[in-house]
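Hi,

Here is the structure I promised to send over. Have a look first, and my notes on the ligand and the pockets follow below.

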Amino acid sequence: MKNILLIGFMGVGKGSVAREVIKLSDFVSVDTDDLIESMENRVVKKIFEQSGEVYFRNLEKKIALWLEQNVTNTLISTGGGFYKQENLKDIGIVVFLNSPFDKIIKRIKNHPNAVKKLKKRPLLNDLKKAKELYNERLPQYAAVADITIDVTDKSAIDCAKELLQKVKQYA
Ligand code: S3P
């Protein structure tokens, strides 16, 4: 089985869906932000603050090349900007988790850890700018995706089941 890459905007639920997919399948999952944080020994927010976004994007590129060359049979959840990697399609089947911007923000705000979830994402600090970023990215996510799943008002487990059903044709 090829890798499966989860792409989509911040807070759409990539991590939650990944956690359900691994319960329902033999996949092991990794998260590109987690890989970067452990390599750097600092959280994404600090990397942005101390070293800047360009530095972070270069780390994403390094991870993308490493994934392509070294990782198979893995569910890879990605940071919201990772979809821009040139070799994305060479890493695996690209699954876009889609939901309207307002629903994504509502989902984050309804979470028990909402404040933490907003704070840890530098690009969500200003919601007006975040919406512009969403509008800019939406067609790009859709264009690069092999599979799109509308996650709006669906449980993570239902999204995971839909994902496993849809990736079967790529096995
Ligand atoms: C980013 C999304 C974040 C993280 C970083 C940049 C983006 O990941 O990689 O803050 O550019 O959309 P999540 O999508 O997991 O929040």
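A quick definition before the notes: helices (H or I, at least four residues) and strands (E, at least two) are DSSP runs, numbered from the N terminus. This is a predicted model, where local features need pLDDT of at least 70, side-chain atom pairs count only at pLDDT 80 or more, and totals for chains, interfaces and linings use all residues. Residues are numbered from 1 along each chain as its sequence is written, and side-chain values use heavy atoms, with hydrogens and water left out.

Ligand first. Its surroundings are made up of 14 residues (one of their heavy atoms lies within 4 Å of it), and the closest are Lys 14, Asp 33, Arg 57, Arg 121 and Arg 137. By class, that shell has six nonpolar, three polar and five charged residues. Here Ala, Val, Leu, Ile, Met, Phe, Trp, Tyr, Cys and Pro count as nonpolar, Asp, Glu, Lys and Arg as charged, and the others, Gly among them, as polar.

Two side chains have an N or O atom 2.6 Å from a ligand oxygen: Lys 14 and Arg 57. For Arg 137, a polar side-chain atom lies 2.7 Å from an oxygen of the ligand. Taken alone, the ligand exposes 390 Å², and the protein buries 94% of that (Shrake-Rupley method, 1.4 Å probe). Helix H3 (44-51) and helix H4 (53-70) are the elements that give two or more residues to the shell.

Now the pockets. On a 1 Å grid over the protein atoms alone, a pocket is an open set of points where a 1.4 Å probe fits, with protein on both sides within 12 Å along at least five of seven lines; lining residues have an atom within 4 Å of a point. The ligand takes up the space of the largest pocket (more than half of its atoms lie within 2 Å of the grid points).

That largest pocket has a volume of about 810 Å³, the volume being the space filled by probe spheres set on the points, which are joined across faces, edges and corners. Its lining counts 36 residues, with Asp 31, Asp 33, Gly 79, Lys 120 and Arg 121 nearest the centre. H1 gives the most to this lining, with five residues.

The second largest pocket comes to about 360 Å³. Glu 53, Arg 57, Leu 123, Leu 133 and Arg 137 lie nearest its centre, among 19 lining residues. H4 and helix H8 (127-144) each supply at least two of them, and H8 gives the most, with six.

Cheers

Notes:
Polar contact = N/O pair within 3.5 Å; in protein donor to acceptor, adjacent residues only side chain to side chain.
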